[in-house]
Amino acid sequence: MARALNGYPNIEFMVEGHTDSISYPQDILLDNWDLSIKRATSLVRILQNEYNISPIRMTAAGRSEYITVGANDTPEGRAANRRTRIVILPQLDQLLKLLERRQGQEEPPPLPAISGS
């Protein structure tokens, strides 16, 4: 994924951290909100420090336990809910230009495909 993101240096993205519904012990972290943002920032730091992705392009966000992909009543579901997700952010200025061209019946250029693992 880092190679794909490096291939498109103008793309901005958000790294979302997610948790399961089990409360985290309140010693270092306050709660699952805190845990989810720390999960996101740990990935942002890896992308910045190990893959040289500019921090200007990244946003870290915590989603806590509220957007699940699995049931929180099974170990497998909880494991699936403990994750990060990369969300490509829209470039609104480019989208507006694309819409303006569309209204003028000009054919817009194709959007770049992102590939990689």
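**Exercise 1. Find which residues form a nonpolar patch on the surface of this predicted model, and work out whether Leu99 is buried, partly exposed or exposed.**

Solution. Start at the surface of the model, which is a predicted one, and look for Leu92, Leu95, Leu96 and Leu99, which form a nonpolar patch with about 380 Å² of accessible area together. Next, place one of these residues in the fold: Leu99 belongs to helix H4, which covers residues 92–103. Finally, take the relative accessible area of Leu99, which is 44%; because buried means under 20% and exposed means over 50%, Leu99 counts as partly exposed.

**Exercise 2. Describe the protein as a whole: how many helices and strands are there, and in what pattern do they follow one another along the sequence?**

Solution. Begin with the count, which gives 4 helices and 3 strands in the protein. Then read along the sequence, where the pattern that appears is α-β-α-β-α-β-α. Turning to the surface, the accessible area of the protein comes to about 8,100 Å², and 54% of that belongs to carbon and sulfur atoms. Of the 117 residues in the protein, 26% are buried. As a last step, consider the contacts with a separation of 6 or more, of which 71% are accounted for by residues 24 or more positions apart.

**Exercise 3. Identify the residues of the largest nonpolar core and state which element gives the largest share of them.**

Solution. The largest nonpolar core has 9 residues, namely Ala2, Leu5, Phe13, Val15, Ala40, Val44, Leu47, Ile53 and Met58. Assign them to elements next: helix H1 (2–6), strand S1 (13–17) and helix H2 (32–51) each supply at least two residues of this core. The largest share, 3 residues, comes from H2. To see how one core residue is surrounded, take Leu47 and leave aside residues up to four places away in sequence; Leu47 then touches Ala2, Phe13, Val15, Asn52, Ile53, Met58 and Ile86.

**Exercise 4. Trace the salt bridges made by Glu16, and decide whether Glu16 is buried or exposed.**

Solution. A search of the whole structure finds 3 salt bridges. In one of them Arg63 pairs with Glu16, and their closest N and O atoms are 2.8 Å apart. This pair links distant parts of the chain, since Arg63 sits in the loop between strand S2 (58–62) and helix H3 (75–81) while Glu16 sits in strand S1, 47 residues apart. Glu16 also meets the side chain of Arg85 in a salt bridge, at 2.9 Å from N to O. Arg85 lies in strand S3 (residues 84–88) and Glu16 in strand S1, so this pair ties together parts that are 69 residues apart in sequence. Put together, Glu16, Arg63 and Arg85 are linked in a network of salt bridges. For the accessibility step, Glu16 has a relative accessible area of 2% and is therefore buried, whereas Arg63 at 31% is partly exposed and Arg85 at 43% is partly exposed.

**Exercise 5. Determine which residue forms a salt bridge with Asp20, and where in the chain the two partners lie.**

Solution. The partner of Asp20 is Arg82, with the closest N and O atoms 2.6 Å apart. Locate both residues: Arg82 is in the loop between H3 and S3, Asp20 is in the loop between S1 and H2, and the pair links these distant parts of the chain, 62 residues apart. To finish, compare each value with the cut-off for buried, which is under 20%: Asp20, at 7% relative accessibility, counts as buried, while Arg82, at 39%, counts as partly exposed.

Key:
Residues numbered from 1 in each chain as written. Predicted model: local features only at pLDDT ≥ 70, side-chain atom pairs only at ≥ 80, totals over all residues. Heavy atoms only, no water. Patch = residues over 30% accessible without salt bridge, like charges linked within 9 Å, V, L, I, M, F, W, Y side chains within 5 Å. Areas by Shrake-Rupley, 256 points an atom, 1.4 Å probe, with all protein chains shown as cover. Salt bridge = Lys/Arg side-chain N within 4 Å of Asp/Glu carboxyl O. Buried < 20%, exposed > 50% of the residue type's maximum accessible area, 1.4 Å probe, protein only. Core = buried A, V, L, I, M, F, W, Y, C linked by side-chain atoms within 4.5 Å. Contact = heavy atoms within 4.5 Å.
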